[in-house]
Amino acid sequence: MKNIYPSERTLFCKEGIEIKVSSKLKEEGLEESIPFLQKLMERSRLLVNLTVAEEGERIFFDVLVEDMIFSIGYYYNTNQYFLTKIKENKKKAYVEFLRKGILVYFSQIMVKDIASPSTKDKVLVEKVKKITLSQLPETLIEYSNRKEEKQEVKSESDEPEIKENLEKLLDFATIYNKYEKEKGKQQCQKVPLNYTKIETQAEYENTYIFYVGNAKEYQKTMYVKITDVEQEENDINGQILEIEPISEYQNKLYIQLSEQVDFKKIPQNGKIHCVYQDVQNRVREKVIENIRKGKTPAKYLYHTFENFDYLPFENIDFSKLEEKMQKEKYPLNPSQVKAVEKGIATQDLSLILGPPGTGKTTVIAWWVKYFLKQNKRILISSQNNSAVDNVLERIGKEYTDIIRIGDEKKVAENIKQFLYTNKLAEFKKKLVNTTEKSIQDNQQKLEQKIQKNESYQEIDQIQRKVQEQQEKIKENQKILKQEIKNSKTYYDDVLKLQKKSRILEEKISVVSNQSNKILKFFVKILHKWEILQYQRIQDWLARKRKKYNEAKQTIQSMITDDDFLEEIKKLRECQEKLKSVPKEERENLDQKMNQIQQEIKKFRKIVEALSDWREHIKERNDILTAILLETIQVVGATCIGIQSRKLFADTTFDVAIVDEAGQIQIHNVMVPISRAKKSILLRGS
């Protein structure tokens with residue numbers, strides 16, 4: 001989709017903006033507007049349209065939020081922003097904001113004294129001009145002036161000079177237009193019809209049946225207005241769809257109202273007045289005015305209609321195109337081939353002559369094929385609906401991206417699929433389905449990322465649990481290890497002392513084995529030291545045995561303690577779980593978790609943005625229209641029809657193809673040819 005917010009019309013204000021509510025607005029009451037103000041504060045960007053560049057010591061700009069427009073004033077003397085007005089966007093100014101507005105990003109948007117909901121994440125903006133809040137007013141004026149200066153320079157340098165011949169032609173078209181207007185007004189000077197009864201009618205939308213008397217002066221397609229018996233003015237207008245006779249003096253008028261009206265508000269008996277609908281005249285007047293001002297893409301008009309001077313045909317190699325035309329089931333004849341090539345090579349205006357039955361529609365179809373491959377936008381037009389529909393029927397067999405502008409009642413049944421409302425509904429459905437699928441795809445990716453994150457968190461929890469369990473048993477492990485070490489030391493000491501004790505026992509046993517008392521006395525004196533040493537060893541041995549038994553008892557107590565065993569069990573379980581996780585999953589876990597959380601955040605933003613977009617395209621036809629007009633390359637409409645619809649009034653074309661041009665008066669044919677850079681006219685000879 002084309003970027004509707006180019007960087008040259010985008011600003012980034014690194015500060016937040018605080019908007020105060022004016023005292024006048026407070027007095028009027030803000031209760032109904034608080035939800036919209038909260039939506040304003042949920043945003044990180046404002047689409048700003050400068051309404052008053054500078055008025056004394058203040059400037060004013062409008063901000064569009066959904067269906068509401070907020071008028072904000074900046075006052076230089078206080079350096080403060082005030083909300084001065086809140087109005088409903090009844091005129092559907094969205095396209096105007098897109099065309100003329102400036103997109104401004106803020107770190108935060110606050111309305112003082114209004115409770116703010118949680119704000120959305122900030123939007124990172126790159127490659128746009130960055131300013132401070134204090135620079136904002138002057139920058140808005142600078143951008144506005146820059147836009148106006150460009151327009152002024154363009155109008156001064158590009159505005160063509162209207163010379164004598166073209167001026168006469170435009171005057172001639174103006175006279176024709178005025179004549180038709182006067183004639184139309186005269187034809188509407190009819191006696192109003194009295195109606196005595198109204199019924200609803202379901203076949204056509206917003207249509208009612210009015211019972212009237214003699215309606216001979218009235219015809220289908222006439223525009224009418226409805227009043228009460230006193231003929232008081234109101235806004236109930238419509239068009240006659242059908243006149244059905246009931247008897248010689250009574251008829252039913254099927255009238256489709258131009259706007260939705262509550263049935264109860266329609267006078268139950270009153271008058272039907274014929275009114276002149278001057279849409280066509282206003283369309284022609286606007287076109288003539290635009291040509292005079294140079295506001296037309298058809299720049300060739302100023303030399304072609306003035307000096308009858310034509311640009312040379314483009315030098316194009318048609319060999320491949322001719323080969324294709326001859327491979328068709330029904331190959332084109334030489335005159336058709338020549339017509340196709342001349343129309344393509346024309347740089348300004350071309351007239352193709354061909355009697356009925358010479359294959360003009362075939363030639364038009366080849367033009368369209370060629371221009372579409374050149375990525376050009378094409379207007380198919382004629383004075384009557386059937387001529388337009390015949391061409392679109394032929395083209396529509398191969399190419400369906402077509403919009404037909406016109407009244408559904410006047411369009412051929414097999415062309416109604418191309419009507420703007422139907423194409424918009426089809427486009428909306430397709431776009432909603434595509435968006436829905438994209439939401440589902442990104443939601444699925446989001447869920448996968450969430451599951452992966454949960455897996456990482458589970459591994460992280462296991463690692464933390466292992467660490468936690470290790471910390472819990474660490475002190476006991478330390479004590480246990482020390483007691484085991486001590487018990488081993490004590491045990492070794494006992495063995496050593498026992499060995500020494502046995503050696504001393506053998507020596508002392510000599511004393512015990514002496515029967516002679518005198519000899520035993522001297523031997524005992526001789527081994528006195530061994531005896532004393534033996535006694536000391538026995539004391540040491542008793543103490544070491546005691547310490548060994550105590551350490552052994554401590555170890556036994558610790559390894560049979562239920563709490564300690566439970567902690568060890570938990571530790572082993574966590575360690576086993578951790579072993580089951582692949583090594584590559586455990587490596588750089590913190591980095592992986594941080595990355596996956598960033599991805600989750602990104603996909604949530606995508607899903608949120610797509611969901612917002614889905615709601616927008618469900619509710620906002622103006623947005624879809626802007627997108628649809630960018631994608632559609634073939635538009636079909638009558639000469640006046642292309643200009644009478646506001647949505648298409650500013651659409652420009654690369655080529656205008658006008659069929660049955662010989663039947664179209666100059667003030668009508670000027671409408672389609674003024675909308676394209678070059679035009680091809682067809683007429684029967």
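Begin by selecting S487 and displaying its surroundings: leaving aside residues up to four places away in sequence, S487 touches Y548, A551 and I555. Bear in mind from this first stop onwards that the model is predicted. If you then extend the selection from S487 to the element that holds it, you will have helix α12, which covers residues 420-513. Is S487 buried or exposed? Its relative accessibility is 10%, and because buried means under 20%, S487 counts as buried.

Before moving to the next site, show the whole protein as a cartoon, where 20 helices and 21 strands are to be found. Of its 685 residues, 41% count as buried, and if you switch on the accessible surface, the total comes to about 41,000 Å², with 48% of that belonging to carbon and sulfur atoms. A contact map would add a further view of the chain: among contacts between residues at least 6 apart in sequence, 71% join residues at least 24 apart.

Next, select strand β20, residues 653-658, which is mostly covered, since five of its six residues are buried. Which strands pair with β20? One is β17, residues 378-382, which pairs with β20 in the parallel sense over four bridges, and another is β21, residues 676-683, where the pairing with β20 is also parallel and runs over five bridges. To see both pairings from a single residue, centre the view on A656 in β20: L379 stands opposite A656, and A656 in turn stands opposite S679 in β21. While the side chains are displayed, a general point may help in reading them, namely that in a regular strand they alternate between the two faces of the sheet.

Now add helix α20, residues 666-673, to the selection of β20 and β21, and follow the chain through these elements: together they make a right-handed β-α-β unit.

The last stop is the second largest pocket, which has a volume of about 270 Å³. Its lining consists of 13 residues, and to find the middle of the pocket you can select F305, L349, L351, V669 and L681, which lie nearest its centre. Which elements give two or more residues to the lining of this pocket? They are β16 (349-353), α20 and β21, so that the tour returns here to two elements, α20 and β21, that belong to the right-handed β-α-β unit with β20.

Methods: Residues numbered from 1 in each chain as written. Predicted model: local features only at pLDDT ≥ 70, side-chain atom pairs only at ≥ 80, totals over all residues. Heavy atoms only, no water. Buried < 20%, exposed > 50% of the residue type's maximum accessible area, 1.4 Å probe, protein only. Pairing = 2+ DSSP bridges. Right-handed = clockwise from strand over helix to strand, strands pointing away. Contact = heavy atoms within 4.5 Å. Areas by Shrake-Rupley, 256 points an atom, 1.4 Å probe, with all protein chains shown as cover. 1 Å grid on protein atoms, 1.4 Å probe; cavity = no way out; pocket = protein on both sides within 12 Å on 5 of 7 lines; lining within 4 Å. Points joined across faces, edges and corners; volume = space filled by probe spheres on them.
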